[in-house]
Amino acid sequence: MDYLQRGQYLYAQNIELKYGIAMPLAVRIIPCLDVDNGRVVKGVKFVDIRDAGDPVEIAKRYDAEGADEITFLDITASSDDRETIVHVVEDVASQVFIPLTVGGGIRTVDDIRRMLNAGADKVGINTAAVFNPEFVKEASEKVGSQCIVVSIDAKKVSAEGEPHRWEIFTHGGRKPTGLDAIDWARKMEAYGAGEILLTSMDRDGTKIGFDLQLTRAINDAVTVPVIASGGVGTLDHLVEGVTKGRADAVLAASIFHFGEYTIHEAKEYMAKHGIEMRL
Amino acid sequence: MNNIAVIDYGMGNLRSVAKALEYVAQGKARVQVTSDAREVLQADRVVFPGQGAARDCMRALIESGLDLAVREAVELKPFLGICMGMQVLVESSAENNGTECLNIFPGKVSNFADVLNSPDDEVHYKIPHMGWNEVTQTRDHPLWGGIAQNSRFYFVHSYYLEPEGPDLLVGETEYGIRFTSAIARDNVFAIQCHPEKSAAAGLRLLENFTRWNGEA
């Protein structure tokens, strides 16, 4: 679709896009892989991949399908085994030439440098930011904002009929922090976050779609790019994340891992719905 | 042997650039990440990647003495500037309240925040400009060889280059404004986006560079 066709389509569908129609910057699709002790877990199921636990093979596959970036979430429990993710990043970065983000267990500037030196482009900071916001400031000053993705795990805390309010939770959504999600996003931007990875803990794993109000609220509150995450079950969910939630990028795991859709299919579908994609 | 020096002035992540060069050279070139000015001068071609803020980049360059190696290389051999390695080639940058740069080419570096998102605008542009955007090749160049017009490359930046006059321009990109995303003169080519992170199009550009004789 060229810009004119897109404009006509958007008009006909009454789709409101924040960028208008003349925005060639593509919306990104980011598959997320959970890595435990060097192996991809949560069962990626590609029938024709020999070793579905091998991060390099899976990253190569996603790259070939058109992934715009890849995010690795290191869920290794034992700190003794943390070094393994560094080798994973090194191996992937020598064969896959798209941006790589690594999250999980990033607590010091040294942790960040190790990941960047291994070939990561960005690191995700989550819990460490909540307990020590100054860390985000220090990190962005040392390595540059463009490398710092602050992960925000938010849950709706307002009751039905009340104005929407979301709070930051830690420990996989179990522990409330009392921090208002919108205030927190603004604060993290001011502290040097180059991007925000926003996960709705209400929707994570549900496959019923993003929390679009949350996504929209955070997008309207900050000027840095926002990645929407949590709840994707269909390709329409991806579309809504952009057209209604106004996300700059969408992150998903299971719909791609289980082969329900390829990334290419998702991108074509989004493009058909008037969203600028890299195809 | 084709020796490619990747200039390391102590900042940022050079591994991606070196890995991508090694990948495209397929053993036909020796890629050396180096902070040694002599090695830069001895190399057949030089890649100057940049990251971080303009002031830190300039300070690190000057403190390491590598600014001289960059100037020398720009005169003598195929030279590829990437991202901040492109921006510091001009006179000055608006970053960090004004930073003097290498002044190899006439021009300056400006801030997207100063020209995008005025209060009356309906369109809201995120800054940094991050993601895959189109690069329009405004004229032929050996480094564009085999890369389709308007191919997408991966960008991450908050400041953009404004070269003086049209002579340097080889690539343009649109993000609220049309800005210069690639420049070239003689043996120098410099690009705002990250070819080392731009999948097939980026790898092709790097591969072209490994074979380029420095003639435009």
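This is a walk through a predicted two-chain model, stop by stop, with what to select and what you will find there.

Before you click: residues count from 1 along each chain as its sequence is written, and chains are lettered from A, with ligands numbered from 1, in the order in which they are written. Because the model is predicted, local features need pLDDT of at least 70 and side-chain atom pairs pLDDT 80 or more, while totals for chains, interfaces and linings use all residues; side-chain values use heavy atoms, with hydrogens and water left out.

**Stop 1: chain A as a whole**

Select chain A and switch on the cartoon. There are 11 helices and 11 strands, taken as DSSP runs numbered from the N terminus (helices: H or I, at least four residues; strands: E, at least two). Of its 279 residues, 58% are buried; buried means under 20% relative accessible area, exposed over 50% and partly exposed in between, with a 1.4 Å probe and protein chains only. Among chain A contacts (heavy atoms within 4.5 Å) with a separation of 6 or more, 65% are between residues 24 or more positions apart.

**Stop 2: helix H4 of chain A**

Now pick residues 109-118 of chain A, which make up H4. Show the side chains of Val109(A), Asp111(A), Ile112(A), Met115(A), Leu116(A) and Ala118(A): these are buried. The cover over them includes H3, S4, S5, H6 and S6 of chain A, together with H1 (15-25) of chain B. Step past the end of the helix to Gly119(A), where phi is positive, near 125 degrees.

While you are here, add Glu83(A) and Arg114(A), whose side chains meet in a salt bridge at 3.7 Å, N to O. The term covers a side-chain nitrogen of Lys or Arg within 4 Å of a carboxyl oxygen of Asp or Glu. Glu83(A) is in H3 and Arg114(A) in H4, so the bridge ties together parts 31 residues apart in sequence. Glu83(A) is partly exposed, at 37% relative accessible area, and Arg114(A) is partly exposed too, at 35%.

**Stop 3: more charged pairs in chain A**

Go to helix H8 and select Arg216(A) and Asp220(A), a salt bridge with its closest N and O atoms 2.9 Å apart. The two are 4 residues apart, about one helical turn. For a network of salt bridges, select Arg28(A), Glu69(A), Lys122(A) and Glu195(A). Over all chains, the search finds 25 salt bridges.

**Stop 4: the A/B interface**

Colour by chain and show contacts: 39 residues of chain A touch 32 of chain B. The buried area is about 2,900 Å², with carbon and sulfur atoms giving 56%; that is the accessible area (1.4 Å probe) the two parts lose on being put together, summed over both.

How many salt bridges are there between chain A and chain B? The count is 3. One of them joins Arg152(B) to Glu276(A) at 2.4 Å, N to O. H3 and H4 are the chain A elements that give two or more residues to the side touching chain B, and H4(A) gives the most, with 3.

Next, select Lys126(B) and Asp248(A), a salt bridge with N and O 2.5 Å apart. This pair crosses between chains, from the loop between H6 and S8 of chain B to the loop between H9 and S11 of chain A. Lys126(B) counts as buried at 1% relative accessibility, and Asp248(A) counts as buried at 6%.

**Stop 5: backbone oddities**

Most residues other than glycine have a negative phi, and most peptide bonds are trans. Against that, look at the bond from Ile127(B) to Pro128(B): cis, with omega near 5 degrees. Then try Lys207(A), with phi near 65 degrees, in the loop between S9 and H8 of chain A. Asn96(B) has phi near 55 degrees and is in the loop between S5 and S6 of chain B.

**Stop 6: aromatic rings in chain B**

Finish with Phe112(B) and Phe179(B), an edge-to-face pair at 5.4 Å centre to centre and 85 degrees between the planes. Rings of Phe, Tyr and Trp (its six-membered ring) pair if their centres lie within 6.5 Å; planes under 30 degrees apart are stacked, over 60 edge-to-face and the rest tilted. Both Phe112(B) and Phe179(B) are buried. Extend the selection to Tyr125(B), Phe155(B), Tyr160(B) and Tyr175(B), which belong with Phe112(B) and Phe179(B) to one aromatic cluster.
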